[in-house]
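The following exercises concern the packing of helices and the empty space inside a protein model. Work through each task with the structure in view before reading its solution.

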Amino acid sequence: DSTELERRFQLRVDEEQRIEPKDWMPEKYRANLIRQISQHAHSEVIGMQPEGCWITRAPTLHRKIVLLAKVQDEGGHGLYLYSAAETLGVSREELIDRLHSGSAKYASIFNYPSLTWADVGIIGWLVDGAAIVNQITLQRTSYGPYARAMVRVCKEESFHQRQGYQSVMALARGSDEQKAMAQDALDRWWWPSLMMFGPHDGESAHSAQSMKWKIKRESNDSLRQRFVDQTVPQAEYLGLRIPDSKLRWNEERGHYDFGEINWEEFENVISGNGPCNRQRLAHHVQAHQDGDWVREAVRAYDRKQLDRVGA
Ligand code: 3HC
């Protein structure tokens, strides 16, 4: 009976066994993974927009090539993750419909505008930096296809973070205007980057169950703290100020204490009322429609193959 099946399933998870597509799994485990993996994929694809709009305006050919490579990587991460979600028995069309209908989320961070060239470097340094902290732990998630996708994604994320930090370093060491541009971008992206890790553990709807099933290996707050601890020294090295008057090293804790996140803003953005939510979704809907001829060509080709083998 299903309680015995669930007991055996939990035993496998407790023994650090990977769960594979053909294994028995609780329907709620399947649904939780489809939710998280597809929203992760949506985030990667929507995340191409704030940076993509700077490819034609990069200051040098070198910066243009690096940004082009990064944005292409993000698209690839999205496709990789959609494929991992599909192993759980959901179709790509269904996942895209949920994004377009607003029933599926994507990372709040991508609903902020990228106003200057400095934003591109700050996004690489902070957003990809935060994504790496989260995704390194997801390499050990209990669902096989997701964990293996993360190994590949993490390799490419380190390049994303390094190129971003290096770009901000060039600005911080440049003219006063360039340094001011970097500081302005840091002021705008710092707090939204902390929101990437989700609500406090106590307010997190999924964390308890996701930790039990080892979908989530570390809590939202502990990953956020790790990100702050590693990033503050990097900002100091650049001579940039983090916009948080409560930020200070706490010797007893061995961590940085920092201010409270604006959770009203967080709720606003994830419920569709952030600065760029409508624009990001409209862009994705338009791009999806513009690509319909490609999907139609694939379907026509498949039909031809089927006719040929007389299936
Ligand atoms: N943006 C949007 N929604 C968020 C969010 C955020 N920053 N943080 C939490 N949420 C949503 C959750 O999805 C959930 O809503 P749902 O039930 O409709 O899905 C709700 O808020 C409650 O949050 P929980 O903490 O209970 O949800 P999770 O246990 O899923 O934890 C998470 C949230 C830590 C983001 C987790 O889903 C996760 O680790 N996801 C995989 C990583 C990911 O998606 N990263 C997004 C960025 S990808 C990226 O940055 C690309 C890089 O290359 C630039």
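**Exercise 1: Two packed helices**

In this predicted model, helix 6 and helix 7 are roughly antiparallel to each other. Show why this description applies, and characterise the contact of helix 6 with helix 7.

*Solution.*

Step 1. Two packed helices are described by the angle between their axes and the distance between the axes.

Step 2. Helix 6 covers residues 117-138 and helix 7 covers residues 144-172. The angle at which they pack is about 150°, and their axes lie 7 Å apart.

Step 3. An angle over 145 degrees counts as roughly antiparallel. Helix 6 and helix 7 therefore receive that description.

Step 4. The crossing in which helix 6 passes helix 7 is left-handed.

Step 5. The contact of helix 6 with helix 7 comprises 16 nonpolar, 10 polar and 2 charged residues.

**Exercise 2: The largest cavity**

Determine how much space lies in the largest cavity, and state which residues line it.

*Solution.*

Step 1. Rolling a probe the size of a water molecule over the atoms shows where empty space is left.

Step 2. The structure holds 1 cavity of 30 Å³ or more. The largest cavity contains about 40 Å³ of space.

Step 3. Its lining is formed by R63, V66, L67, W117, V120, Q163 and S167.

Step 4. Helix 4 (61-86), helix 6 and helix 7 are the elements that each give two or more residues to this lining. Helix 4 supplies the largest share, 3 residues.

Step 5. By residue class, the lining of the largest cavity divides into 4 nonpolar, 2 polar and 1 charged.

Technical notes:
Residues are numbered from 1 along each chain as its sequence is written. This is a predicted model: local features need pLDDT of at least 70, side-chain atom pairs count only at pLDDT 80 or more; totals for chains, interfaces and linings use all residues. Side-chain values use heavy atoms; hydrogens and water are left out. Axes are lines fitted to C-alpha atoms, for helices over the stretch in contact, and angles run from 0 to 180 degrees between N-to-C directions. Helices (H or I, at least four residues) and strands (E, at least two) are DSSP runs, numbered from the N terminus. Angles under 35 degrees count as roughly parallel, over 145 as roughly antiparallel, 65 to 115 as roughly perpendicular and the rest as oblique. A crossing is left-handed if the near helix is turned anticlockwise from the far one by less than a right angle, and right-handed if clockwise. Ala, Val, Leu, Ile, Met, Phe, Trp, Tyr, Cys and Pro count as nonpolar, Asp, Glu, Lys and Arg as charged, and the others, Gly among them, as polar. On a 1 Å grid over the protein atoms alone, a cavity is a set of points where a 1.4 Å probe fits but cannot get out, and a pocket is an open set with protein on both sides within 12 Å along at least five of seven lines; lining residues have an atom within 4 Å of a point. Grid points are joined across faces, edges and corners, and a volume is the space filled by probe spheres set on the points.
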